[in-house]
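Student: Please take a close look at one part of this model, the second of its domains. I would like to know how its sheet is built, what packs on it, and how it relates to the ligand and to the rest of the chain.

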Amino acid sequence: MTDRYQTFTRTSVGRVLVKNLGLPDPIPLPRWTDGSAWIDGPVVFGAIGDTDTGKAIQALLRDIGATFSTAAEGVASSELRPKALVFDATGATSTADLTSLQRFFSPMIRQLGSAGRVIVVGRTPELSATPEQQIAQRALEGFTRSLGKEVKRGATVNLVYVAPDAHDQVDSTLRFFLSPKSAYVDGQVVRIGPGHLVANDPAAPLTGKVALVTGAARGIGAAIANVLARDGATVMGVDVPQNANDLRKVMSAIGGSELLLDVTSIDAPQRIAAHAEEDHGGLDIVVHNAGITRDKRLANMRTDAWDAVLDVNLRAPERITAHLLESGALRDGGSIIGVASIAGIAGNNGQTNYATSKAGVIGLVQALAPTLAERQIRINAVAPGFIETEMTAKVPFAIREVGRRINSLQQGGLPVDVAETIAWYADPASAGVTGNVVRVCGQSMLGA
Ligand code: NAD
C-alpha cells in the first residue's frame, strides 16, 4: 500500500505546503541493504565517568569503523553533523548526575543528521546499588521518550538498560539501534542482562540456525522469513492450506521448507515438531507471527469471533511453545519471539478480543523468560504499531490516515521493520536480551 500523502510531500508543491502550513513531514526512512554501513556518518560519544559499559561501546564503535569523537559536554558546531549521539549514563549514581544529559545533548541535538540516531545507555534501575542510583537511572526513560518526540527528519531515540556485569553483551543491540535496521523503532526501552559470549559473523549471524515462522505466506511473516534467511537461517514456513501458492513462492525464493497447516488445529504442535526434526534435525528460532483480527465492539462481539482471535493469536503460540520445549524440538540456546501489538498495550476500540490475545502474548514472554533462562533459551516480543500490510489496507481510509500519522515518524512502518527487530532478537549474540517487549511503531501515541 503506498502512502500517497508521503509521496505528495516529496513533490515541489508538497514541500512548500508542508513548510508553510506546518503539515506532517514523513521523510522516507533509509532501510538496511546489502553493503549498508552500520552507521554512515560521525558519532559523538558522551559519558558520565569512565565505565566498563562506556569502554565496551567505544570498542564497538571502533569495530564497526565509525568515525567518532568523545565529548563530556556538547559542542555547537554547524560543521559537525553527527549521524548518531551515544551517551553512556550507566555512571549516574544520583539525580545530580542528570545535569550531564542536558549539557551533552542541548548544544548538539539540532545538528543531528537526517535519520539520525540517539542512544542513551543506562544501568537497569531495579538492579541499582542504591535508591539514589535507581531514581537517577529510572529518570532516563522520561528523557528518552520526550527527546524521541522532539527530534525531526526521521531520527530515533532509544534507551538501552544494561545490567551489572552485562557490558560485554551490548554489541548486537548497539549495532541494531545505530543501523537502518531499527528505522521504525523509536522511543523504546530495552533491557540487556548477562549472557554467554557469542562471536559470530554480524553479516550472517544466523548461519546454521533453523527458524520456524508461522503465517509466512505474506505480509510481516514473509518479510520475517526473508530477513532471517538473509541472515543465514534455514526457514521453515507455516501457513494455512488456502495460502499454499503464496507460501511456496516465499519459501522457494529463500530455499526454505513449507508446512501447510492451521496453527489452531489439535495436532499442529506435534506436526510442527515432527517436520522440524525430520527435515532440519530441530529448531533454534520460533517466530509466532500468524495472527488475525475480527473487530467488533464487545456489545456486538460474537462468540466465534472472540474464540477465533484468541485461538490463533494466543492459544496456538502457547500450545506450540509448550510442545516444542517439552519435546526438545527447540534446542537449548534457542530463541522464541512473539508478535504482539500496540493494541495489546494501549487497548483499542473494537478490539477487546485482539487486545486480549496480544496482551496475552506479552504475558507469555514475561511468564516464560525467567525459567527458560536455565536452558539459555530467550523469549521476547515485538509489538508492531501501524505496519503497511494487507491487514491494515482493510482499515477504513480515515482511520488508516490517523494510524499513519500519530507517531513521531509520521508514517506507517514496513513489514521489514518488524522483521529486522525479530532478527536482532534471534541473533545468538543477543544472548543477554530476554523478557523484552519492543514496540515497532515509530513511537506511536498509543501505548506506553
Ligand atoms: P496478514 O493477514 O497480512 O498475514 C497473516 C498471515 O498469517 C497470513 O498469511 C495468514 O494466512 C496466516 N494465518 C492466519 N491464521 C492462521 C492460522 N490459523 N494458521 C496458520 N497461518 C495463519 O497479517 P500481517 O499484517 O502480516 O500480521 C502479522 C502479525 O503481525 C499478526 O500477528 C498481526 O496481529 C501482527 N500485527 C500486525 C500489525 C499491522 O499493522 N499489520 C500491527 C500489529 C500487529
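Tutor: What follows goes through the sheet, its helices, the ligand shell and then the neighbouring domain.

The model is predicted. The domain assignment divides the protein chain into domain 1, residues 31–192, and domain 2, residues 210–440. Part of domain 2 also carries a record: an unreviewed UniProt entry annotates residues 209–385 as "domain: Ketoreductase". Over residues 209–385, helix makes up 49% of the chain and strand 21%, and the C-alpha atoms at the two ends are 28 Å apart.

Begin with the sheet of seven strands. This sheet is open, its pairing is parallel, and the strands follow the order β9-β8-β7-β10-β11-β12-β13. The edges are taken by β9 (257–260) and β13 (437–440); each has a single partner strand, so one side of each has no neighbour in the sheet. On average, neighbouring strands here are turned by 20° against each other, direction ignored. Within the sheet, β7 (residues 210–214) pairs with β10 (residues 283–288) in the parallel sense, over three bridges. Leu212 is placed opposite Val286 of β10.

Two helices can be placed against these strands. Helix α7 lies across β7, β8, β10 and β12 (378–384), and runs at about 170° to β7. Helix α8 (residues 244–254) lies across β8 and β9, with an angle of about 160° to β9.

The ligand brings some of these elements up again. The shell around the ligand draws at least two residues from each of α7 (219–230), β8 (234–239) and α13 (390–393). There are 28 residues around the ligand, and those that come nearest are Gly215, Gly219, Gly291, Thr389 and Met391. By class, the shell consists of 13 nonpolar, eleven polar and four charged residues.

Next comes the relation to domain 1. The centres of domain 1 and domain 2, taken over C-alpha atoms, are separated by 29 Å. Contact between the two involves 22 residues of domain 1 and 19 residues of domain 2. On the side of domain 1 that touches domain 2, α5 (131–150), α6 (171–178) and β6 (189–192) each supply at least two residues. The largest share of that side comes from α6, with four residues. Its residues divide into eight nonpolar, eight polar and six charged.

The elements on that side can be traced back to a second sheet. Six strands form this open sheet with parallel pairing, in the order β2-β1-β3-β4-β5-β6. Here β2 (68–70) and β6 are the edge strands, each with a single partner, so one side of each is left without a neighbour in the sheet. Neighbouring strands of this sheet are turned by 20° against each other on average, direction ignored. Strand β6 runs parallel to β5 (residues 156–162), and four bridges join them. Val162 stands opposite Ile192 in β6.

The two helices named at the contact also pack on these strands. Helix α5 lies across β4 (117–123), β5 and β6, running at about 165° to β5. Helix α6 lies across β3 (84–88), β4, β5 and β6, and runs at about 150° to β4. To return to the contact, β6 is thus placed twice: β6 supplies at least two residues to the side of domain 1 that touches domain 2, and β6 stands at an edge of the six-strand sheet.

Methods
Residues are numbered from 1 along each chain as its sequence is written. This is a predicted model: local features need pLDDT of at least 70, side-chain atom pairs count only at pLDDT 80 or more; totals for chains, interfaces and linings use all residues. A residue is near a molecule or strand if its C-beta atom, placed from the backbone, lies within 6 Å of it. Ala, Val, Leu, Ile, Met, Phe, Trp, Tyr, Cys and Pro count as nonpolar, Asp, Glu, Lys and Arg as charged, and the others, Gly among them, as polar. Domain bounds come from an automatic or database domain assignment. Two residues are in contact if their C-beta atoms, placed from the backbone, lie within 7 Å. Two strands pair if DSSP finds at least two bridges between them. Axes are lines fitted to C-alpha atoms, for helices over the stretch in contact, and angles run from 0 to 180 degrees between N-to-C directions. UniProt positions are given in the numbering used here, feature names are shortened, and annotations may be inferred rather than shown by experiment.
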